[in-house]
There are 2 protein chains.
Amino acid sequence: MLNQQPSLDLMFQALADPARRSMVERLSRGPASVSELARPLDMSLPAVMQHLAVLEAGGIVASEKVGRVRTCAIRPEVLSLAEQWINQRRTQWERRLDRLGDFLAAEDEETT
Amino acid sequence: MLNQQPSLDLMFQALADPARRSMVERLSRGPASVSELARPLDMSLPAVMQHLAVLEAGGIVASEKVGRVRTCAIRPEVLSLAEQWINQRRTQWERRLDRLGDFLAAEDEETT
DNA sequence: CAAACACTTAAGCACATACTTGACTATCCA
DNA sequence: TGGATAGTCAAGTATGTGCTTAAGTGTTTG
């Protein structure tokens, strides 16, 4: 299938859980099976599957089943969307601060 | 007060809601009062206060009350932490892909 | 001083999340 | 073929989230 026009809601939601971030962290070092993702997590396999579903719903991760193993991988372009949203708000704020700084400096200049 | 050593959990959690992102978006254009944040949102003031509390718990926003108005502002350094977490996973994945590409290219070179 | 303003608190409710266990289904391998 | 492997489905439960309304508390302002 491999569709996906993911929402920021689901993307950030997916990243808001330590188990899911641990899975992403593992996947950032390369593809992995479900049980590989599960190994370091102190919870049942079904629980891990549910986390995986949340990551897929957020578009952060894609997976494909071959034989009896499901292999998971990161979707970096979606990760990048979340990154960009944050970056845009942050830099807008910081540009505003800079302009304010310039304004205050100019005003100071004027009065001296 | 102004303490804060925020967790990724609470940061991403805070960003995972459209009302809260709308508040951040508004704040990225400069400080605002609670009712200013509430104006475009179709919900009661108490609901907005609860969203604000989530944003503060995540460290994304700080606020201070002067007289009867509470003024809110973005904490860009915290926003930057979330950004960095994503960026690190994404670039790690992409570096891996690059190395893999190099490897395949070299292998191809060898066999021709 | 009284009314309007800008929150703030508390309580309650519907729905969503993060698990669990138990049972089941396909591969794969000896 | 039969057992181990890797994953999946279905329920059930406890806790968390996102609202609401109703009733406050301080702060201006006419």
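**Figure 1. How DNA strand C meets the protein in this predicted model.** Of the strand C atoms that come within 4 Å of the protein, 66% belong to sugar or phosphate, and the rest belong to bases. Around DNA strand C you will find 21 residues, and the closest are Ser44(A), Gln50(A), His51(A), Ser35(B) and Arg70(B). Sorted by character, the residues of this surface are eight nonpolar, seven polar and six charged.

**Figure 2. Polar contacts to DNA strand C, seen one by one.** Start with Gln13(A): an N or O atom in its side chain is 3.4 Å from a phosphate oxygen of the strand. Arg68(A) reaches a base instead, with a polar side-chain atom 3.0 Å from a base oxygen of DNA strand C. From chain B, a polar backbone atom of Arg70(B) is 2.9 Å from a phosphate oxygen of DNA strand C. Two or more residues of the surface near this strand come from each of α4 (45-57) of chain A and α3 (34-38), α4 and β3 (69-74) of chain B. Which element gives the most to this surface? It is α4(A), with four residues.

**Figure 3. The surroundings of DNA strand D.** Here too, 21 residues surround the strand; Ser35(A), Met49(A), Arg68(A), Ser44(B) and His51(B) are the closest. Sugar and phosphate make up 65% of the atoms of DNA strand D that come within 4 Å of the protein. At least two residues of the nearby surface are supplied by each of α3 (34-38), α4 and β3 (69-74) of chain A and α4 of chain B. With four residues, α4(B) gives the most. The residues of this surface divide into eight nonpolar, seven polar and six charged.

**Figure 4. Polar contacts to DNA strand D.** Look for Lys65(A), where a polar side-chain atom lies 3.2 Å from a sugar or linking oxygen of the strand. The side chain of Ser44(B) has an N or O atom 2.6 Å from a phosphate oxygen of DNA strand D. Arg68(B) points us to a base: a side-chain N or O atom of this residue is 3.3 Å from a base oxygen of DNA strand D.

**Figure 5. The three-stranded sheet of chain B.** This open sheet has the strand order β1-β3-β2, with antiparallel pairing. Each of β1 (32-33) and β2 in chain B has a single partner strand and stands at an edge, so one side of each is left without a neighbour in the sheet. Helix α2(B) packs on the sheet, where it touches β1, β2 and β3 of chain B, and its direction makes about 85° with that of β3(B). Helix α4(B) lies across β2 and β3 of chain B and runs at about 120° to β2(B).

**Figure 6. The hairpin of β2(B) and β3(B).** Strand β2 (residues 61-66) of chain B pairs with β3(B) in the antiparallel sense over six bridges. One bridge joins Lys65(B) to its partner Arg70(B) in β3(B). Two residues lie between the strands, and Gly67(B) in the turn has a positive phi of about 60°.

**Figure 7. Where helices α2(B) and α4(B) cross.** The axes of α2 (residues 18-27) and α4 (residues 45-57) of chain B come within 10 Å and cross at roughly 75°. The two helices are therefore roughly perpendicular to each other. Ala19(B), Arg20(B), Met23(B) and Val24(B) in α2(B) meet Val48(B), His51(B), Leu52(B), Val54(B) and Leu55(B) in α4(B). The residues of this contact divide into seven nonpolar, one polar and one charged.

Note on methods. Residues numbered from 1 in each chain as written. Chains lettered and ligands numbered in written order. Predicted model: local features only at pLDDT ≥ 70, side-chain atom pairs only at ≥ 80, totals over all residues. Heavy atoms only, no water. Axes fitted to C-alpha atoms, helices over the stretch in contact; angles between N-to-C directions. Parallel < 35°, antiparallel > 145°, perpendicular 65-115°, else oblique. Contact = heavy atoms within 4.5 Å. Nonpolar A, V, L, I, M, F, W, Y, C, P; charged D, E, K, R; others polar. Near = heavy atom within 4 Å. Polar contact = N/O pair within 3.5 Å; in protein donor to acceptor, adjacent residues only side chain to side chain. Pairing = 2+ DSSP bridges.
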